[in-house]
Amino acid sequence: MVCMAHAFLVVQRIMSRDTSFYYSFLVLPPRKRSAIIAVWDFCRAVDDAVDEVVPEHEWAGGLTPEARTRAALQVASWRAELDAAYTGMPRTSQGIALQPFIHEFNLPRARFEELIDGVEMDLSQARYATFEALLEYCRRVASAVGLICVKIFGYRDLSSLAYAESLGIALQLTNIIRDVAVDLRRGRIYLPAEDLRRFGVSEDDLRRGRVTPEVAALLRFECERAHSYYQRAAWQLPATDAVNLVAAEIMGGIYYGILRRIEAAHYDVFSSRIRVPRPNRAVIALRIWLQTLIGARRRAPVPKPTDSSVKH
């Protein structure tokens, strides 16, 4: 009875957060679930150091010098807190919660450092000239977190690390496409400048918030690129680790649902923030979990993506 009550409280805690990722955590054993939540809360706090430094309504095309300085200090404080979690006595609730899992799951400190480096990039870089430049950002803020998570999920095949990196890029590209309007209000454009030129789209075109044929073509191209990373991740997922990585697959399934909804909305990412409704997320999570348990997740060989399909 006590165990059931504890499980119910954990589920309540997870479900109270309107975040797609938490649906995937429900399939984990209690100790791994606690570890993932600790990692996620720490990473979210680092990310919020910049994105939540001022309320949403105070963003006016970027941060004021004062807000930028405050955000830089917060990022530095999280870097110090990470050091304390690994070597001393953390002071924040996030650092304290994370610390016991660092040694239990041998969590790689370098990946947390990469995440902090990526978040710090948002203080100095608001445009990306090429996809290669954006890719480095995606690896830092998304793939690094995935490579921490797989240590908790557990894996036997080293291909699972490549899977985590590709899936992280796919999720971040989906985020970037979905959040074009939000990022514009924050003075950021993550879509590579080379892509805007290719499709004849200016920054002003994006600010107008209209899905012109040119804007639609640009966003279709970006969606195709995200698709190619989901495909690459699917190809890299080792069958031997499919059960261990089912939580990651659920994350991917929910975010893939966002990508499909963007396409179904004819690339209108300006009118509202596109989401997968909670009931649909639950259905996706249950479907992937059941498919994995019965071995149907690897229902057919996934064709290996070509290099051009992920770089074009």
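**An all-helix chain, its pocket and its aromatic pairs**

The largest pocket holds about 1,200 Å³ of space. A pocket here is an open set of points on a 1 Å grid over the protein atoms alone, with protein on both sides within 12 Å along at least five of seven lines, and lining residues have an atom within 4 Å of a point. Points are joined across faces, edges and corners, and the volume is the space filled by probe spheres set on them. The model is a predicted one, in which local features need pLDDT of at least 70 and side-chain atom pairs count only at pLDDT 80 or more, while totals for chains, interfaces and linings use all residues. Residues are numbered from 1 along each chain as its sequence is written, and side-chain values use heavy atoms, with hydrogens and water left out.

As for the pocket wall, 47 residues line it, and Phe-21, Asp-47, Asn-175, Arg-178 and Tyr-255 sit nearest the centre. By type, the lining splits into 24 nonpolar, 6 polar and 17 charged residues (Ala, Val, Leu, Ile, Met, Phe, Trp, Tyr, Cys and Pro count as nonpolar, Asp, Glu, Lys and Arg as charged, and the others, Gly among them, as polar). Helix H8 (159-178) is one of the helices that give at least two residues each, along with H3, H6, H7, H9 and helix H13 (246-264). H8 gives the largest share, 9 residues.

Zooming out, the chain has 15 helices and 0 strands, taken as DSSP runs numbered from the N terminus (helices: H or I, at least four residues; strands: E, at least two). Of its 312 residues, 50% are buried; buried means under 20% relative accessible area, exposed over 50%, and partly exposed in between (1.4 Å probe, protein chains only). Among contacts (heavy atoms within 4.5 Å) with a separation of 6 or more, 73% join residues 24 or more positions apart.

On to the rings. There are 11 aromatic pairs in the structure, counted when ring centres of Phe, Tyr and Trp (its six-membered ring) lie within 6.5 Å, with planes under 30 degrees apart called stacked, over 60 edge-to-face and the rest tilted. Phe-42 and Phe-112 make an edge-to-face pair, because their centres are 5.8 Å apart and their planes stand at 85°. Phe-42 belongs to helix H3 (residues 30-51) and Phe-112 to helix H6 (residues 109-121), so this pair ties together parts 70 residues apart in sequence. Both of these Phe residues are buried. Tyr-137 and Tyr-190, in turn, are stacked, at 5.2 Å centre to centre with 25° between the planes. Here helix H7 (residues 131-153) supplies Tyr-137 and the loop between helix H9 (180-185) and helix H10 (193-198) supplies Tyr-190, so parts 53 residues apart in sequence are tied together. Tyr-137 is buried at 4% relative accessible area, and Tyr-190 is buried at 5%. Phe-42 and Phe-112 also join Trp-78 and Tyr-86 in one aromatic cluster.

Two residues of the loop between H13 and helix H14 (278-293) round off the picture, starting with Val-269. Val-269 is buried, with a relative accessible area of 3%, and its C-alpha atom is 5.7 Å from that of Arg-178, 91 residues away along the chain. Beyond its neighbours within four places in sequence, Val-269 has contacts that include Ile-177, Arg-178 and Leu-219. Arg-273 lies in the loop between H13 and H14 too, but is partly exposed at 36%. With the neighbours within four places in sequence set aside, Arg-273 is in contact with Arg-178 and Asp-179.

Definitions and conventions
1 Å grid on protein atoms, 1.4 Å probe; cavity = no way out; pocket = protein on both sides within 12 Å on 5 of 7 lines; lining within 4 Å.
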